Amino acid sequence: MSDTFFTGAPHWTWFIVPYFFIGGLAGGAYFLAALLELFGTPEDRPVVRAGYDLAAVGAILSGALLTIDLGQPLRFWHMLFQSANFPAVMFKGWSPISFGAWAILLFGLFSVLSALGARAEEGRLRNPALLAVGSAVRGGLGKLVSAVGGLLGIFVAGYTGILLSVTNRPIWADSAWLGALFLASGVSTGAAALILLAPRRGATERSLEWLSSFDTKALVVELLVLAAFIASLGSLNRVWVSFWGLLLLVGVVGFGILEPLRLHARRRPLASAAKLVLLGGFLLRLATMLASEGIDRYRVAAGL
Amino acid sequence: MPEPMGFFTDTTVCIGCKACEVACKEWNQLPAANGGIGELSGDSYDNTRKLDGIHWRHVRFIEQFKAPYDGRWLMMSDVCKHCVQAGCLEVCPTGAIIRTEFDTVVIQSDVCNGCRACIAACPFGVIDINPVSGTAQKCTLCYDRLKVGLEPACSKACPTDSIQFGAITELRSRAQKRVDQLKAQGVQAELYGADPQGPLGGLNSFYLLVDKPEVYGLPRHPKLPSRNLGKSASFSAASAAVLGLLALVGLRKRRMEEVGHV
């Protein structure tokens with residue numbers, strides 16, 4: 001039996017599962033928007049703007065979910081500054097949760113800046129102060145913000161899996177593939193969300209085709225990484241002989257990856273494939289997290 | 001600077017009286033579980049069941065009445081191991097978990113924000129949330145008592161000296177003598193966590209066991225959570241690079257097609 005079975009569950013459930021999904025989606029959407037900003041064409045601008053908006057809303061929601069989940073929500077800032085020595089910074093480069101707290105904060109800042117830039121571009125900002133900020137975040141500075149924000153976005157999409165691996169819990173700490181898996185899923189769900197939202201912002205057929213083509217590749221990467229994750233668990237895979245295993249197989253692999261791949265291959269309907277990708281991304285977090293959360297140390301020790 | 005202090009728990013003389021549990025609860029003013037309403041486990045004479053945020057000591061009953069055993073009770077008073085290399089301290093993002101001058105590991109309740117990273121990082125399942133404070137809590141090895149020269153409440157209350165408190169070096173030599181004595185009597189005794197060259201640099205709360213560690217609910221090779229950091233980060237970076245490359249190749253292909261059409 002793996003030594004990880006003798007540990008306690010951290011109760012990362014009803015706020016953290018949605019956070020992992022929304023954070024991954026927001027990070028992935030910003031990453032793709034930044035790539036289109038830096039290497040795309042002017043006709044991709046609606047997708048870029050939708051990506052920044054999505055990222056900003058996602059980052060704010062992520063911060064809110066993380067804060068609400070704390071046992072002492074008003075002490076959320078203890079993760080950023082030393083409470084007894086303010087304003088000395090609190091940061092542990094070797095602790096993903098510490099690294100992640102800063103990454104979420106900075107990602108939120110960059111995505112809000114980019115979203116303001118996008119709204120200024122569309123002429124949707126009325127407030128003079130916000131308009132001044134939005135107008136400043138365009139051109140060269142806008143590209144710099146996108147480049148840094150894109151790196152933060154891809155980090156936010158994947159660090160949550162690393163965070164789970166850097167524990168002592170069953171499944172999570174028994175594989176080093178969760179970070180890569182969540183990252184691929186985050187980028188894939190980001191692309192799916194853009195396929196659903198960008199048409200309302202005026203996205204062209206060519207931009208949507210590129211998103212669909214990229215999402216197909218991202219889903220293949222996700223499937224391969226999921227296979228590597230399962231293979232790395234070895235004999236531990238018996239934990240999947242449960243409801244969570246069924247959810248992983250049918251919900252994530254079947255409806256969340258294979259069916260969208262089939263729909264993408266037929267080119268239509270894009271929205272149906274995107275909705276299934278989002279469902280699969282959420283179920284992936286749900287299954288991997290709750291399968292481990294359900295394993296209780298004292299029950300293992302008592303042979304129950 | 002005081003020398004490292006800790007516990008040596010000789011499970012062979014534990015009688016399961018739970019005096020240590022009560023003394024710990026009383027001294028640390030820990031609340032009752034379930035609002036004080038008694039709840040029976042239903043499958044064991046032990047109704048505490050596990051260590052958590054309001055049970056910093058737990059006397060584990062191992063009731064061996066199935067094959068290959070023909071009826072045996074093992075008792076072990078479990079507690080935080082105050083690891084020399086502590087996983088909880090490693091991951092804590094607020095700096096709430098500190099190492100004291102006694103080489104023990106303490107959670108500062110006024111700094112902890114209840115993120116629960118330490119719960120998942122502990123290789124022994126020791127830490128949990130105290131619902132009253134909303135923060136992660138565990139044994140402090142009675143840091144407040146140690147500061148004024150008193151021994152921890154649990155070892156003070158232990159009627160059989162199953163829990164012995166003292167300087168780690170002294171406890172290790174005492175424990176080795178006890179193992180030798182038991183072995184001379186034909187008992188298969190072994191120390192768990194006493195070796196400073198062993199897992200986690202040794203445990204400042206170590207045990208004398210007469211069965212496999214797993215039987216007592218202890219991992220055979222406890223590890224630090226950071227063991228996965230490098231590999232997991234590398235796989236993630238590789239995955240990000242592949243996805244970024246695929247996106248760029250797609251954009252380039254689209255541009256080439258555009259040029260072809262013109």
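**Notes on the side-chain contacts**

1. Let's start with B:Arg49, which counts as buried at 12% relative accessibility. Keep in mind that this is a predicted model. The partner of B:Arg49 is B:Asp43: they form a salt bridge with the closest N and O atoms 2.9 Å apart. B:Asp43 itself is partly exposed, at 40% relative accessibility.

2. Still in chain B, have a look at B:Asp211 and B:Arg72, another salt bridge with 2.9 Å between the closest N and O atoms. This one links distant parts of the chain, 139 residues apart: B:Asp211 is in the loop between strand S10 (205-209) and helix H7 (229-261), while B:Arg72 is in strand S3 (residues 72-78). Here the Asp is the buried partner, with B:Asp211 at 11% relative accessibility, and B:Arg72 is partly exposed at 31%.

3. Over in chain A, salt bridges with shared partners join a whole set of residues into one network, among them A:Glu37, A:Arg45, A:Asp53, A:Arg119 and A:Arg201. Over all chains, the structure holds 23 salt bridges.

4. One more from chain A: the side chains of A:Glu43 and A:Arg206 meet in a salt bridge at 2.8 Å, N to O. A:Glu43 sits in the loop between helix H1 (16-39) and helix H2 (45-69) and A:Arg206 in helix H7 (residues 205-233), so the pair ties together parts 163 residues apart in sequence. A:Glu43 is partly exposed at 25% relative accessible area, and A:Arg206 is partly exposed at 29%.

5. Now the aromatics, with 21 pairs over all chains. A:Phe21 and A:Phe282 pair edge-to-face, 5.6 Å centre to centre with 90 degrees between the planes. Since A:Phe21 lies in helix H1 and A:Phe282 in helix H9 (residues 270-293) of chain A, the pair ties together parts 261 residues apart in sequence. A:Phe21 is buried at 13% relative accessibility; A:Phe282 is partly exposed at 28%.

6. Helix H1 of chain A also carries A:Tyr30, whose partner A:Phe107 is in helix H3 (residues 96-121). Their ring centres are 5.8 Å apart and the planes are at 75 degrees, so this pair is edge-to-face. A:Tyr30 is buried at 0% relative accessibility, and A:Phe107 is buried at 1%.

7. Also worth a click: A:Trp77, A:Phe81, A:Phe86 and A:Trp102 form one aromatic cluster. For charges over rings, try A:Arg285, which lies over the face of A:Phe182 at 4.9 Å from the ring centre, and B:Lys18, whose charged end sits over the ring of B:Phe61, 5.1 Å from its centre.

Notes. Residues numbered from 1 in each chain as written. Chains lettered and ligands numbered in written order. Predicted model: local features only at pLDDT ≥ 70, side-chain atom pairs only at ≥ 80, totals over all residues. Heavy atoms only, no water. Salt bridge = Lys/Arg side-chain N within 4 Å of Asp/Glu carboxyl O. Helix = DSSP H or I, 4+ residues; strand = E, 2+ residues; numbered from the N terminus. Buried < 20%, exposed > 50% of the residue type's maximum accessible area, 1.4 Å probe, protein only. Phe/Tyr/Trp six-rings, centres within 6.5 Å; stacked < 30°, edge-to-face > 60°. Lys NZ or Arg CZ within 6 Å of the ring centre and 35° of its normal.
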